[in-house]
Amino acid sequence: MRKKKVEYMGPVDQYGRPIDVTNAPNHAEDDRKLGIIFFTILGIATIIIVVILFLVNYFDQNRLEIPKATLSTTDWTKDSVIVTVDKSRGNVSEFSFDGGLSWQESNQLEVTKNKELTILARNKKGKVSKKATVVVSNIDQDLPEIYFINPLYITVDGKFDPKLNVSVLDSGSGIEDYEVDASNLNLTVPGEYQISYYLSDKIGNEIRKTRKVIVEDGVRVYQYRSRKFQVVDTTCDMPCECVPTVENTCPKNKTLMENNQCCNLCTGPCQKIEYGDWSEWSDEKILPSSDLEVEMKSEIVVAIQ
């Protein structure tokens, strides 16, 4: 009996032989599993990245660094200086410019006198930063100073240089020069005269100081004595925690100040002058200076005929 020929329609190899596909790998199933693994890993990585970014942002916003402050100007000025603390990081809500004695919401402080500030920042949770120190030293509201012996005795027809044995001082912006008005001084006529010194520093703080010049009919001998003095740091009652006045009245716990503010009185740094003892009188000329006070006395020993 003749067998029926069956036509084969399945896959064949390179030689035309049928391929047994009963045990062939299922690529579609493998691709599906790989896809599941890939997207699972991608999802986990995305979650990890989001968590890391959240933590970085959280710690960046809540980390209290040492406060960084800037001054409105670092040049010499007669005006106040604004100190500004960077508040962009750490989620800070309050600032202290006196080492934690008082707190304010504003990150700025107007400074009217040279001083050292101890700055702290505090966030809403009450966490306080480490201290930062800022020194304001470019406010020049002090007048320049001039030192000379007063009065000055001159013999008739004597020579006089108004800038001789005169010293000037300015602890701030400095002095370039100064002027002397001696237009009413007459060295040929005995009498008392006043001459004026005009002193100005580089930003416009200026003073006028007069000096007595005595023109005499005689020859004098002069004696001098001096004493040292110094400015020392101490503590004084100073205004703090100030608020504007209401019709020039203050609460019971505050004091009305000259700047029309109501303030508490806190102990703070200040300065005072301490004097030493006077030296003995001497014929040797002594010139006054920023730390030496000088007195002078004279006596006519020869009268001019």
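The side chains of R225 and E295 meet in a salt bridge, with 2.9 Å from N to O. R225 lies in strand β13 (residues 218-244) and E295 in strand β16 (residues 292-303), so this contact ties together parts that are 70 residues apart in sequence. E295 counts as partly exposed because its relative accessibility is 30%, which falls between the limits of 20% for buried and 50% for exposed. The model is a predicted one, and side-chain atom pairs are counted only at pLDDT 80 or more.

A further salt bridge involves strands β16 and β13. E293 pairs with R227, and the closest N and O atoms are 2.8 Å apart. Here E293 is the residue in strand β16 and R227 the residue in strand β13, with their positions 66 residues apart in the chain. E293, at 28% relative accessibility, counts as partly exposed.

How many salt bridges does a search of the whole structure find? The search finds six. One of them joins K212 to E192, where the closest N and O atoms are 3.8 Å apart. This pair also links distant parts of the chain, since K212 belongs to strand β12 (residues 206-216) and E192 to strand β11 (residues 191-201), 20 residues apart. The two partners fall into separate accessibility classes: K212 is partly exposed at 29% relative accessibility, whereas E192 is exposed at 56%. The 3.8 Å of this pair is counted because the criterion asks for a side-chain nitrogen of Lys or Arg within 4 Å of a carboxyl oxygen of Asp or Glu. In general terms, side chains of opposite charge can pair when their charged atoms come close.

Strand β13 also takes part in ring contacts. The structure holds four aromatic pairs. In one of them, the rings of Y153 and Y222 have centres 5.8 Å apart and planes at 35°, so the pair is tilted. Y153 sits in strand β8 (residues 152-155) and Y222 in strand β13, and the pair links parts of the chain 69 residues apart. F229 and Y275 form another tilted pair, 5.8 Å centre to centre with 45° between the planes. F229 is again in strand β13, while Y275 is in strand β15 (residues 261-275), and 46 residues separate them along the chain. Is F229 buried or exposed? F229 counts as buried, at 17% relative accessibility. Its partner Y275 counts as partly exposed, at 46%. Elsewhere, ring pairs link F148, Y178 and Y197 into a cluster.

The next topic is a sheet earlier in the chain. Three strands form an open sheet in the order β1-β2-β4, and their pairing is antiparallel. β1 (69-71) and β4 (108-111) stand at the edges with a single partner strand each, so one side of each has no neighbour in the sheet. Neighbouring strands of this sheet are turned by 20° against each other on average, with direction ignored. Strands of a sheet pair through backbone hydrogen bonds, either parallel or antiparallel.

The pairing can be followed residue by residue. Three bridges join β1 to strand β2 (residues 81-85), and these two strands run antiparallel. Across them, L71 has V83 in β2 as its bridge partner. On the other pairing, four bridges join β2 to β4, again antiparallel, and I82 stands opposite E110 in β4. Strand β2 has two faces: V81, V83 and V85 make up the covered one, and I82 and T84 the uncovered one. V83, the partner of L71, therefore belongs to the covered face.

Strand β6 (residues 132-136) also has a covered and an uncovered face. A132, V134 and V136 are on the covered face, and T133 and V135 on the uncovered one. Five bridges join strand β5 (residues 115-123) to β6, and the two strands run antiparallel. In this pairing K115 stands opposite V136.

Last comes a helix and a surface patch. L34 is placed in helix α1 (residues 27-62), and counts as exposed because its relative accessibility is 55%. Which residues form a nonpolar patch with L34 on the surface? I37 and I41 do, and the three have about 310 Å² of accessible area together.

Note on methods:
Residues numbered from 1 in each chain as written. Heavy atoms only, no water. Pairing = 2+ DSSP bridges. Axes fitted to C-alpha atoms, helices over the stretch in contact; angles between N-to-C directions. Patch = residues over 30% accessible without salt bridge, like charges linked within 9 Å, V, L, I, M, F, W, Y side chains within 5 Å. Areas by Shrake-Rupley, 256 points an atom, 1.4 Å probe, with all protein chains shown as cover. Buried < 20%, exposed > 50% of the residue type's maximum accessible area, 1.4 Å probe, protein only. Phe/Tyr/Trp six-rings, centres within 6.5 Å; stacked < 30°, edge-to-face > 60°.
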